[in-house]
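Before reading on, take a moment to look over the sequence and the model as a whole. The paragraphs below move from the chain in general to the surroundings of the ligand and then to one small sheet.

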Amino acid sequence: MLRRVVLQAATHRRRRPFLPSSIYAFRQCSISASSSSSSESSQNSNSSFVEHLEGPNQSTETTAQSSTTISIDRSGLYNPPDHSHQPSSDSELVKHLKGIIKFRGGPISVAEYMEEVLTNPKDGFYMNRDVFGVAGDFITSPEVSQMFGEMVGVWVMCLWEQMGQPNRVNLVELGPGRGTLMADLLRGASKIKKFTESLHIHMVECSPTLQKLQHCSLKCTDKDDADGNLEKQIISKLSETPVSWHATLEQVPTGVPTIIIAHEFYDALPVHQFQRASRGWSEKMIDVAEDSSFRFVLSPQPTPASLYIMKRCKWAEREEIAKLDHIEVCPKAMDLTQNIAKRISSDGGGALIIDYGLNGIVSDSLQAIQKHEFVNILDNPGSADLSAYVDFEAVRHSAEEVSEDVCVHGPITQSQFLGSLGINFRVEALLQRCTEAQAESLRTGYWRLVGEGEAPFWEGPNEQTPIGMGTRYLAMAIVNKKQGIPVPFQ
Ligand SMILES: C[S@@+](CC[C@H](N)C(=O)[O-])C[C@H]1O[C@@H](n2cnc3c(N)ncnc32)[C@H](O)[C@@H]1O
């Protein structure tokens, strides 16, 4: 296995020449600790969570190709259990979800459940705490190693060069987590003044708690307002760059060339799940069972999201669909991609999307992760992260559908992406000037970013063996055609 990494590294090394030499001026090594990752998984089957209902008046449906039975939403007969006068140990979020189901008089979609669980303003998973790192629930690539943010920085600088080094650029990050990626990007780029002076950073983040962490990571400070402007400017001391926060991409000002980074953002967007039934595709919904727990049911009639599954199926081969019993669609990902494509089309620039997913239709991938372990999606909502595979083919079609001025490149694997941008040179440079402990951490981080499977040199406890993200994560670029083909998608 180690040999394979070394061979892979050698392949990447040959591809260096297209990068401007200035871009290799990185900051001095300050190595981030790494530990086990739980954010990767194979597509898991939620069928096991679907309740079997038996007894009179309860219709069941058998899927065309499996023996799983599933209850049908009987909205007309719906009579939710009354919890109002009973003492309940339900969390505020569970009460809120049950309230929606009760007062709406029927189940909610998996997408609505996912959105509430993750981003409910009061109790959503992301809203009030730091969920990242060893002490949190999962680890992302920027938290694994500083090299990730630095390599994304190389990509951004190359695109800026291809854009003709504009004097003003909006650099937008969607869902920046702790702000680690942007901090590593700015530190790595800080010597290239013409680049950093052109930037205005826009962090699109819904969580006030994470916004504060990002403010800290970027070493932000209020700028003294010599001109007497009413609006205060916030500056990152890492690169003397102005920084603003927004809840949505729509709030980021337009009219300026724009570069957008979306790392592990799309996987947090709510997905609708469909299951094949005798009458066609039925949407899986979430209801409250007699015992007051959540359960999956199937909608007996088409839902608003049915339009999206029809649209998605048109982009796929018939044979591909015929093999599937479950399909996930993410309307928010399609809409976001169209917004990105329109913005890039009118303002120039490009977007980089890195996430785990497939270059094709996604079947049944929604997963819940708590404290680095998979848990049941319906248990204790708000205490676990929910995420789903990104359907990169749908992202490509969505962008191409909305504008002829943009071009979509990739997806390529994270390993190809980081390798072609020079991560091997970077790790070698860092290894020249670090302690043995830092070297171990660097090698582990490198493996986890570009490798595949379990790290062969790991000597720690088995349950913490790092798993490589090199091929599970994919990178895709959406770029204004005027900019040409971005590195390393040539
Ligand atoms: C999986 S985390 C990824 C964090 C970071 N990009 C990283 O790789 O470490 C998802 C991020 O997106 C944010 N987020 C999720 N849904 C969002 C939404 N609808 N609008 C804005 N931010 C959102 C979360 O608060 C979090 O910062």
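Two residues are counted as being in contact if their C-beta atoms, placed from the backbone, lie within 7 Å. By that criterion, and bearing in mind that this is a predicted model, residues 24 or more positions apart account for 76% of the contacts in the chain with a separation of 6 or more. The chain has 490 residues, of which 45% are buried, and its secondary structure comprises 15 helices and 22 strands.

With this general picture in mind, one can turn to the ligand. The shell around the ligand holds 19 residues, and those that come nearest are Tyr-126, Thr-140, Gly-175, Gly-177 and Cys-206. Sorted by class, this shell contains 10 nonpolar, six polar and three charged residues. Both domain 1, made up of residues 2-42, 133-269 and 332-483, and domain 2, made up of residues 47-129 and 273-314, contribute to the shell, with at least three residues coming from each. Among the elements that supply residues to the shell are helix H3 (110-119) and helix H4 (141-144), each of which provides at least two.

A separate part of the chain offers a small sheet that can be followed strand by strand. Strands of a sheet pair through backbone hydrogen bonds, either parallel or antiparallel. Here three strands form an open sheet in the order E16-E15-E17, and their pairing is antiparallel. Strand E16 (373-375) and strand E17 (385-387) stand at the edges with a single partner strand each, so one side of each is left without a neighbour in the sheet. From one strand to the next, the twist averages 40°.

What joins strand E15 to E16? Strand E15, which covers residues 367-370, is connected to E16 by three bridges, and the two strands run antiparallel. Within this pair, Gln-370 has Glu-373 of E16 as its bridge partner, while Ala-368 stands opposite Val-375 in E16. E15 and E16 form a hairpin with two residues between the strands, and in this hairpin Lys-371 takes a positive phi near 50°.

The pairing of E15 with E17 can be read in a similar manner. Three bridges join E15 to E17, and these strands run antiparallel. Ile-369 can serve as a point of reference for this pair, with Asp-385 in E17 as its bridge partner.

Methods. Residues are numbered from 1 along each chain as its sequence is written. This is a predicted model: local features need pLDDT of at least 70, side-chain atom pairs count only at pLDDT 80 or more; totals for chains, interfaces and linings use all residues. Two strands pair if DSSP finds at least two bridges between them. Helices (H or I, at least four residues) and strands (E, at least two) are DSSP runs, numbered from the N terminus. Axes are lines fitted to C-alpha atoms, for helices over the stretch in contact, and angles run from 0 to 180 degrees between N-to-C directions. A residue is near a molecule or strand if its C-beta atom, placed from the backbone, lies within 6 Å of it. Ala, Val, Leu, Ile, Met, Phe, Trp, Tyr, Cys and Pro count as nonpolar, Asp, Glu, Lys and Arg as charged, and the others, Gly among them, as polar. Domain bounds come from an automatic or database domain assignment. A residue is buried if 20 or more other C-beta atoms lie within 10 Å of its own, exposed if 12 or fewer, and partly exposed in between; C-beta atoms are placed from the backbone.
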